[in-house]
Amino acid sequence: MSDQAPAPIYEIYGIRHAVNTVRTRNNNFIIDANPTEPLQLDFFCWVLVSPERTIIVDTGLDPEKGAVNAHRQVISPVDAWIALGIDPQAVDTVVLTHAHYDHLGYLDALPNARFYMQAEEMAYVTGPWMEKPLFRHAYALDEIKQLVDLLHQGRLHLHGREYDIADGVSAHWVGGHCAGQEVLRVRTARGWVVLASDALHYYEELERGIPFAVAFNLSDMIAAHDTIRALADSDDHIIPAHDPRVTAAYPPAAPEFKNKILRLDLTPKNAR
Ligand SMILES: [Zn+2]
């Protein structure tokens, strides 16, 4: 008999904070047979909740920055956190899966949090590759400066490639999309779910073995598919960051949150 506490189980809330309805397939995939066909891009950030812990994963998109690229806000992540009963002032743990501007809005709304990010991502966004417009275009300078501020305030922990955020939540470097891209493995009631973040924008990347159009390193991006599959209990446990199929497959956290806040720890529709 063990008197140890049971392993924490997390609920995963996917906040669909923005959408882009004007993109075509060639905006999303480097090579495609139907380049001018529309392909919607949804934008997610996430919240992990156990009986003991609340962990914010990425912080969404500043709507003014998004509007420049026709990304339309669906719900402010701050409003979503509050709707879920989370006081942003009380949040102590925020994981940043990478530093692209659509994952780094609203940092100011979490004044008491400690942030966690791959050390390689910080080296990348403050290093020589940022001389190249191709690699820096998805970063916002004011947000990178905020990361430097947080680092020097002792509020940003830059960790190595594999890192345990909490019992049941671990970060795993994959690179590819950007130098410090990571995925998160989360223990849920249905098993190990992987939030692939932007290591997968769409399920199609995994299904067809193809890269997304925004890439730092193509070989790392393709190798990430194997890492993700090794970490997840099945392909139904893998969650891309930008796929409208996620919105279609998972139930809302409550009826009033339809298409805005989803329960990703539950079994998806049409599970294989
Ligand atoms: Zn993204």
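Okay, let's start at His103: at 0% relative accessibility, this residue counts as buried, where buried means under 20% relative accessible area, exposed over 50%, and partly exposed in between, with a 1.4 Å probe and protein chains only. Before I go on, this is a predicted model, so local features need pLDDT of at least 70 and side-chain atom pairs count only at pLDDT 80 or more, while totals for chains, interfaces and linings use all residues. Residues are numbered from 1 along each chain as its sequence is written, and side-chain values use heavy atoms, with hydrogens and water left out.

So, which residues hold the zinc ion? The protein donors are Asp102 through OD, His103 through NE2, Asp198 through OD and His242 through NE2, at 2.0 to 2.2 Å from the metal. Donors here are N, O and S atoms within 2.8 Å of the metal (3.2 Å for Na, K and Ca), and water is not among the atoms, so sites may look incomplete. Along the chain, the spacing of the donors reads D-H-x94-D-x43-H. Asp102 is buried too, with a relative accessible area of 9%.

What about the geometry? The angles among the 4 donor atoms run from 93 to 151 degrees, and the site is irregular. For the cut-offs: four donors count as tetrahedral if all angles lie between 85 and 135 degrees; four count as square planar and six as octahedral if opposite donors are over 155 degrees apart and all others between 65 and 115; anything else is irregular.

On to the sheet. Strands E8-E9-E10-E11-E12, in that order, make an open sheet of 5 strands with mixed pairing. Strand E8 (162-166) and strand E12 (238-240) are at the edges with a single partner strand each, so one side of each has no neighbour in the sheet. From one strand to the next, the twist averages 25 degrees. Strands are DSSP runs of at least two residues (E), helices runs of at least four (H or I), numbered from the N terminus, and two strands pair if DSSP finds at least two bridges between them.

Strand E11 (residues 191-197) pairs with E12 in the parallel sense over 3 bridges, and Val194 stands opposite Ile238 in E12. Lying across strand E9 (169-173), strand E10 (182-188), E11 and E12 is helix H8 (residues 218-231), at about 160 degrees to E11. Axes are lines fitted to C-alpha atoms, for helices over the stretch in contact, with angles from 0 to 180 degrees between N-to-C directions; contact means heavy atoms within 4.5 Å.

Now, two backbone oddities. Ser197, in strand E11, has a positive phi, near 45 degrees, and is not a glycine. Asn270, in the segment after strand E13 (261-263), has phi near 55 degrees, again positive. Buried or exposed? Ser197 is buried at 0% relative accessible area, whereas Asn270 counts as exposed at 73%.

Last, the cores. A nonpolar core is a set of buried Ala, Val, Leu, Ile, Met, Phe, Trp, Tyr and Cys residues joined through side-chain atoms within 4.5 Å. The largest has 35 residues, and Phe115 and Leu147 have the most contacts inside it. Elements that each supply at least two of its residues include E1, helix H3 (77-83) and helix H6 (141-152). Apart from that core lies another, of 25 residues, among them Ala166, Ala241, Tyr250 and Leu262.
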